[in-house]
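Grab a pencil and keep the 3D view open while you work through these exercises. Try each task yourself before you read the solution.

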Amino acid sequence: MAEQDGSAVRDEVAAARRIVVKVGSSSLTTAAGGLDADRVDALVDVLAKVLDGDGKGGGGRNGDRKGGDGKGDDGKGGANGKEIVLVSSGAIAAGLAPLGLDRRPRDLARQQAAASVGQGLLVARYTASFARYGRRVGQVLLTTDDTSRRGHYRNATRTLDQLLAMGALPIVNENDTVATDEIRFGDNDRLAALVAHLVRADLLVLLSDVDGLYDGDPRTPGTSRIDEVRGPRDLDGVSIGSAGRSGVGTGGMVTKVEAARIATAAGVPVVLTSASRAGDALLGRRTGTFFHRTGRRSANRLLWLAHASAPRGALTLDDGAVRAVVERRTSLLPAGIAAVEGEFTAGDPVELRDTEGRPVARGLVNFDAKEIPQLIGRSTRDLARELGPAYEREVVHRDDLVVLD
């Protein structure tokens, strides 16, 4: 296995001011499924020390209070200007033992019940642990509706920005108690990548039970840790496992690499390492795997639409409309629609398909599904004359549309 020089520094990582940190269930819980207070405290120690500008990244386990009123010297973030948003798994896992469950249930109802019990325990543990440093935390629970609908998206942005401005550390999780299979992120790695985009983070740190990305199963002799990934070609021929070691989470290395792809495409670099090396990672020391940014930072919410929304229906486009939407990036007009399927209302995300059924784009629709059959193939001018001026508009506006790769 490759060893990395812990004394060398990644300047881009060390200079990051707003950081999103994601930690998985396996790094916070016992094998039986309950919260491991020592593991939670160890992570909080690292985060608090980074915010306080302590380069050691550890300690603080004896109830000492660092940071006074929790705002840092400038009233925002830490004493060194750093801000952290924590995306934490562990709610379902934390609820297993209290409910007498010996493993993560497969059915959604019991997962939601476990999340209901576990989320309170998780946030209470974080609240108590950060209080040792005089720091406040705020809970933010999200579903895909909060990321794909315009009003919800703006509310989420404002809430997170305000928490950071007031010196609180946001703790984000998926709202598993109400999310269904059709409207859930699926794993917190992807959620973390989207939150990094939402809060305009300078860095995303993914913490796991493995100390980086390997070119094979890290338990197999002869495999090596990959130090840096500059683009998808660097991963050609790399076998990426899909399952974690503990069995209490939903992700694995596949979801982490996908999260890194989403974040780096949005201009956010990523460090992937183990929770035990979180301090080194946050200080920029060369640990784990560093994913270089591959795209430019975007100021809009289309990344959410592409990666977080669950389409409620589909519109089939004729060949001309496909060319207009994909190549010329125009809005979708009623004249270009050939068919509609699904049940959705105005504002819902829908998939746009070509005549072969292949998804080519995704967008927020301006009409209910039941309205669209009477619009198909017709010009907006004719529709306005017959049905009124409300129908002289796009079915999907180009500002609410993203072309899929």
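One thing before you start: what you're looking at is a predicted model.

**Exercise 1. Find the bridge partner of Ile-19 in E2, then work out how E1 sits among its neighbours.**

Step 1. Start at Ile-19 and look across to E2: the bridge partner there is Ile-84.

Step 2. Now take the whole strands. E1 covers residues 18-23, E2 covers residues 83-88, and six bridges join the two, which run parallel.

Step 3. Turn to E5, residues 203-208, which pairs with E1 in the parallel sense over five bridges. Val-21 stands opposite Val-205 in E5, and Val-23 stands opposite Leu-207.

Step 4. Keep going through E5 to E7, residues 270-274: five bridges join these two, and they run parallel. Leu-204 has Val-270 as its bridge partner in E7.

Step 5. Put it together. Eight strands form an open sheet in the order E3-E4-E2-E1-E5-E7-E8-E6, with mixed pairing. E3 (137-142) and E6 (228-229) each have a single partner strand, so they stand at the edges with one side left without a neighbour in the sheet.

**Exercise 2. Are the residues on the two faces of E1 buried or exposed? Do the same for E5.**

Step 1. Recall the rule: in a regular strand the side chains alternate between the two faces of the sheet.

Step 2. Sort E1 by side. Arg-18, Val-20 and Lys-22 go on one side, and Ile-19, Val-21 and Val-23 go on the other.

Step 3. Apply the cut-off: a residue is called buried when its relative accessible area is under 20%. In E1, six of six residues pass that test, so both faces are covered, Arg-18 and Lys-22 included.

Step 4. Repeat for E5. Leu-203, Val-205 and Leu-207 point one way, while Leu-204, Leu-206 and Ser-208 point the other way. Here too, six of six residues are buried.

Step 5. Look for something lying over the sheet. H2 lies across E1, E2, E4 (169-174) and E5, and runs at about 160° to E2.

**Exercise 3. At what angle do H2 and H4 pack, and what are they to each other: roughly parallel or oblique?**

Step 1. Find the helices: H2 is residues 37-51 and H4 is residues 108-131.

Step 2. Read the geometry. Their axes are 9 Å apart and the packing angle is about 50°.

Step 3. Name the arrangement. Angles under 35 degrees count as roughly parallel, and 65 to 115 as roughly perpendicular. The angle here falls in neither range, so H2 and H4 are oblique to each other. Their crossing is right-handed.

Step 4. List who touches whom. From H2 you have Ala-37, Val-40, Asp-41, Leu-43, Val-44 and Leu-47, and from H4 you have Arg-125, Tyr-126, Ser-129 and Phe-130.

Step 5. Sort them by type: seven nonpolar, one polar and two charged.

**Exercise 4. Now try H7 and H8: at roughly what angle do their axes cross?**

Step 1. H7 is residues 188-198 and H8 is residues 253-265; their axes come within 8 Å and cross at roughly 15°.

Step 2. With that angle, H7 counts as roughly parallel to H8. This crossing is right-handed.

Step 3. In the contact, Asp-189, Arg-190, Ala-193 and Leu-194 of H7 meet Thr-255, Lys-256, Ala-259, Ile-262 and Ala-263 of H8.

Step 4. Your tally should come to five nonpolar, one polar and three charged.

**Exercise 5. Which strands stand at the edges of the five-strand sheet?**

Step 1. Write down the order: E10-E9-E11-E12-E13, an open sheet with mixed pairing.

Step 2. Read off the ends. E10 (337-342) and E13 (401-403) each have a single partner strand, so one side of each is left without a neighbour in the sheet.

Step 3. Check the twist: neighbouring strands are turned by 20° against each other on average, direction ignored.

Step 4. Zoom in on one pair. E9, residues 313-317, is joined to E10 by five bridges, and the two run antiparallel. Leu-315 stands opposite Val-340 in E10.

Step 5. Add the helix. H11 (residues 319-326) packs on this sheet, touching E9, E11 (349-353), E12 (359-364) and E13, and its direction makes about 110° with that of E9.

How values were computed
Residues numbered from 1 in each chain as written. Predicted model: local features only at pLDDT ≥ 70, side-chain atom pairs only at ≥ 80, totals over all residues. Heavy atoms only, no water. Buried < 20%, exposed > 50% of the residue type's maximum accessible area, 1.4 Å probe, protein only. Helix = DSSP H or I, 4+ residues; strand = E, 2+ residues; numbered from the N terminus. Pairing = 2+ DSSP bridges. Axes fitted to C-alpha atoms, helices over the stretch in contact; angles between N-to-C directions. Parallel < 35°, antiparallel > 145°, perpendicular 65-115°, else oblique. Left-handed = near helix turned anticlockwise from the far one by under 90°. Contact = heavy atoms within 4.5 Å. Nonpolar A, V, L, I, M, F, W, Y, C, P; charged D, E, K, R; others polar.
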